[in-house]
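Student: Got a minute to go through this one with me? Let's have it up on screen.

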Amino acid sequence: MSFEVLRSKKGGYVKSDVIAKLDALNAVLLGLENGMPREQALAELKKTEQIEIRKEKRGFFGASGFDTEDTETYLADLIAKIEKLIG
Amino acid sequence: MRITFDAVPICSDKMTGIGWCELGQTQTLAALFPENRYEYSFFTSGDNERVKRVKKFAGKHIKLNTSGFSGFAYRAVSTFLPVPYSLFFGRKSDITHFFNYIVPPFVHGKKVVTVHDMVYKSFPDTVRGRTKYMLDIGLKRSMKRADLIVTDSEFSKREIVKYFPQHESKIRVVPCGVDTERFHPCDSPERISKVKKSLEIEGDYFLYVGTIEPRKNLERLITAYAAFVKKVGGNSPKLVLAGGKGWLDQGIYSRVEKLGMTQNIIFTKYVPSEDMNPLMCGSLAFVFPSLYEGFGMPPLEAMACGVPVLASGEASLPEVTGDCAVICDAYDTKSIAEGMFKLYNSEKLRKELSQKGLQRAQGFTWKRSAELLMDVYRELAK
């Protein structure tokens, strides 16, 4: 039984980068729900696009990152939610 | 059988989860199987208090085997030089069990090591540099030295196999238990009021118990709680964070200030062991949205107290909570806030989870844990 939303995988996206992006997007989402103006939300959303997500090294010396497919799906869902709220 | 338990995790005056786990397993094992000989081995570093503490835990079933040498110096030197452990603790034991990842060089007889999790690989940013360094150097060697490897959950087993597939056949899962003498539904409500007063808690509260560190996802919990307060308004329950200061905790404290939550969020001072049960029982719900846990003892303890739990679905937590908790997405503050609101808003849900949690916690006993551990030792003695 597992509910892990972002599975770990050798290689994959750097976890701290993904988490930084998720936090920024979640902040926009929470802001919108608390009455953040549309223009400001759009500007904040634009800023999150600048947050780079690097990839971990693969192979023997590689480190564990978040599964790329999980991450992309999760981010896409979150952005869709924000865009829906922005309208 | 002569069985030695490395007592380093239970020597400290402020014991962590690893220490409580060792204590639960070894004390129960020694009481259940008195036909074997048991000892706690540890370096005293000339500290008599340490000896007194371990002696108290040892009771009548477990003997002490001590060396006056410095444990810190031994660990530091034996990381780089093969200084024999048997030089300090003899060659009498059939099995020696190390509960904290590292097996030192030249231990007599069979060796068992407990590897609780792989957080230093999975979330290296959340581990202290020196811990990561010691594990990077020592864990691979330790697992090679060990005849069998014990871990706390199926999740942790999968994690170990991910990084050390060559040791898969040596891994055995022995889940921890919960101490029902310490954690049970409160039978004296006046103790709850006393403990709340001593910790300066007023009214209802959500409770988190654990180290104040990033791995526990506290920054997101605090953000989620602020959103919850905004929704509920003035009468919202407080959030009590009870635990020792950890590493990289500054961001957590500053988040509280930034969100203007200093009146709503209470960081307790050290909570004595005897106050933990009333503190748990007095809470509206227990919140634990951790990003990574090898086992997840605090939610299990809350369930044993009959307290409804909000936990993340990450790592081993679903193995512990099953369907007896509200599960949230650890990376989504909105999901955490919604979980809190669900619990706050529905007494029916709280009651239901309380009953289910109590039942589930009964399946995690130290007796079961000790029996499984004895199976591991018997397998080695064959």
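Tutor: Sure, starting with B:Leu310. Leaving aside neighbours within four places in sequence, B:Leu310 is in contact with B:Ala285, B:Val287, B:Ala325, B:Val326, B:Cys328, B:Gly339, B:Met340 and B:Leu343. Contact here puts C-beta atoms, placed from the backbone, within 7 Å.

Student: Any ground rules?

Tutor: It's a predicted model, so local features need pLDDT of at least 70 and side-chain atom pairs pLDDT 80 or more, while totals for chains, interfaces and linings use all residues. Residues are numbered from 1 along each chain as its sequence is written, with chains lettered from A and ligands numbered from 1 in the order written.

Student: Which residues in α10(B) meet α11(B)?

Tutor: B:Leu218, B:Glu219, B:Ile222 and B:Thr223 do, against B:Gly251, B:Ile252, B:Arg255 and B:Val256 in α11(B). Helices are DSSP runs (H or I, at least four residues), numbered from the N terminus.

Student: And at what angle do α10(B) and α11(B) pack?

Tutor: About 10°, with axes 9 Å apart; the axes are lines fitted to C-alpha atoms over the stretch in contact, and angles run from 0 to 180 degrees between N-to-C directions. That makes α10(B) roughly parallel to α11(B), a label for angles under 35 degrees.

Student: Switching topic: how many residues does each chain put into the contact between chain B and chain A?

Tutor: Chain B gives 16 residues and chain A gives 16 residues. On chain B, α6 (119–122), α10 (218–232), α14 (317–321) and α15 (333–345) each supply at least two residues of the side touching chain A.

Terms used: Two residues are in contact if their C-beta atoms, placed from the backbone, lie within 7 Å. Angles under 35 degrees count as roughly parallel, over 145 as roughly antiparallel, 65 to 115 as roughly perpendicular and the rest as oblique.
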